[in-house]
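Trainee: Could you show me how to read the cavities, pockets and helix crossings of a model like this one?

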Amino acid sequence: MSRFPKRWAAVMTVVCLSCCAALAQDAPPPAPSLAQAVDAAWRHRQSSLASQDRVRQAQASGVAARSWLAGAPALELSTRSDRFHADGGAVEHEAGVALPIWLPGQRDAHLAAADAELAWAEATEAADRLKLAGEVRERAWEAVAAQAQLAQAEAQARSLESLAADVARRLAAGELARSDLLDARAEALSADAQVEETRARLAALRAQWRALTGLEALPDPAEAERGSAAVDEDAHPALRIAELAAQRSERALEVARRSSREAPELGIGLRQERGERGAALERTVAVSLRWSFGNDARNEPLKAEAMGQRNAARVEAMLLRQQLAGDRAAAAAALRAAQAQLAAARERQALLAERLGLVEAAFRAGEQDLPALLRARSAQAQAAAALNQQQAALGLARARLHQALGLLP
């Protein structure tokens, strides 16, 4: 027996690799998890840009507050001369810098305000991401329900087509009437129409999913939501924003209290002067301090605004805490109801499936007519569809509970 030529082995290897590459290109993209879908939607909507801007602004405020100067330094230049009236050679030049310095406690107040602003900006980003996660969850479970409905409709259509073929054979054998065949074919056509309607609805949901996330693949319906045990209710992003908004207003109020006057200015300069022509130049160093008088009235509008924002934020936090407690209770009740409805739907589907088996056996034995069989098939199909819908409804109810708890996928 001759050996296979090496050159043919190399050719076959290249062909196999090319086929594998083609199959890999044609393979559908893997189903993303809900967490991956939320990240994709976050990038697709460019929602992170506004959040990043808020964080950068807060960080810039912190950098400014950590400076040893209360503002930008200024250069001061001056010159004097008698050349325009006496022309005795007298001249004086002075160069210096003015350094704004912090008032007592003002720098610490600005630092605290910058830290509060940064914490608020980061909490706002978390709340925006949670809100987007809620949209992703809703669209994902709608698509899951539509997929289950389509699979059930296709199975029902295949079953009715098989029944129509069986009725046609029995009609040819003289066991059934032509009216039975017409009924069977009409039911099969109705099932086909239901398949197309469900397929169109799923296509619309896929388009909405692409617009939301930029992804082609739908999420894996078997993915479980993260457990909700030992959840810190105070860690909900929306509640944290409200509480940090109150803290942010308090820090702004403290800044206004510490800024009752303009920042003092420390001046350091070098002076060079000559009394008359031919005299030697004299150099001196000048140090000055500019201190403005305080005026409480100038910051009263800022104080009033900060106090109003603080009080409004406190009220909002209190109301939001009550609202979130109600949302959690409602979502938990909806989850318990969905679990009970799923158990009932599963039992009903099992009963109707058993009944359908008995009616089919009786139909084959000639003990039941076709309308009874069609009614049994329709009832079983409706029960199976209701079971699939309830399974998706249970997943959506669990996702809504996690959303109310402030948990990301």
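Trainee: How do the residues of the lining of the second largest cavity divide into nonpolar, polar and charged?

Mentor: Start with the source: this is a predicted model, in which local features need pLDDT of at least 70 and side-chain atom pairs count only at pLDDT 80 or more, while totals for chains, interfaces and linings use all residues. Residues are numbered from 1 along each chain as its sequence is written, and side-chain values use heavy atoms, with hydrogens and water left out. As to classes, Ala, Val, Leu, Ile, Met, Phe, Trp, Tyr, Cys and Pro count as nonpolar, Asp, Glu, Lys and Arg as charged, and the others, Gly among them, as polar. Here the lining has 2 nonpolar, no polar and 4 charged residues, and its members are Glu233, Asp234, Leu239, Arg321, Leu324 and Arg328. Helix H7 (residues 300-364; helices are DSSP runs of H or I with at least four residues, numbered from the N terminus) gives the most to this lining, with 3 residues.

Trainee: What volume does the second largest cavity have, and what volume does the largest pocket have?

Mentor: On a 1 Å grid over the protein atoms alone, a cavity is a set of points where a 1.4 Å probe fits but cannot get out, whereas a pocket is an open set with protein on both sides within 12 Å along at least five of seven lines; lining residues have an atom within 4 Å of a point. Points are joined across faces, edges and corners, and the volume is the space filled by probe spheres set on them. The second largest cavity comes to about 30 Å³, and the largest pocket to about 340 Å³. Of the 16 residues lining that pocket, Gln156, Ala191, Gln194, Ala381 and Gln382 lie nearest its centre. H8 supplies the largest share, 6 residues, and by class the lining holds 6 nonpolar, 8 polar and 2 charged residues.

Trainee: At what angle do H4 and H8 cross?

Mentor: Axes are lines fitted to C-alpha atoms, for helices over the stretch in contact, and angles between N-to-C directions run from 0 to 180 degrees. The axes of H4 and H8 cross at roughly 165 degrees and come within 10 Å, which means that H4 is roughly antiparallel to H8 (over 145 degrees, by the rule used). The contact of H4 with H8 divides into 18 nonpolar, 10 polar and 5 charged residues.

Note on methods:
Helix = DSSP H or I, 4+ residues; strand = E, 2+ residues; numbered from the N terminus. Parallel < 35°, antiparallel > 145°, perpendicular 65-115°, else oblique.
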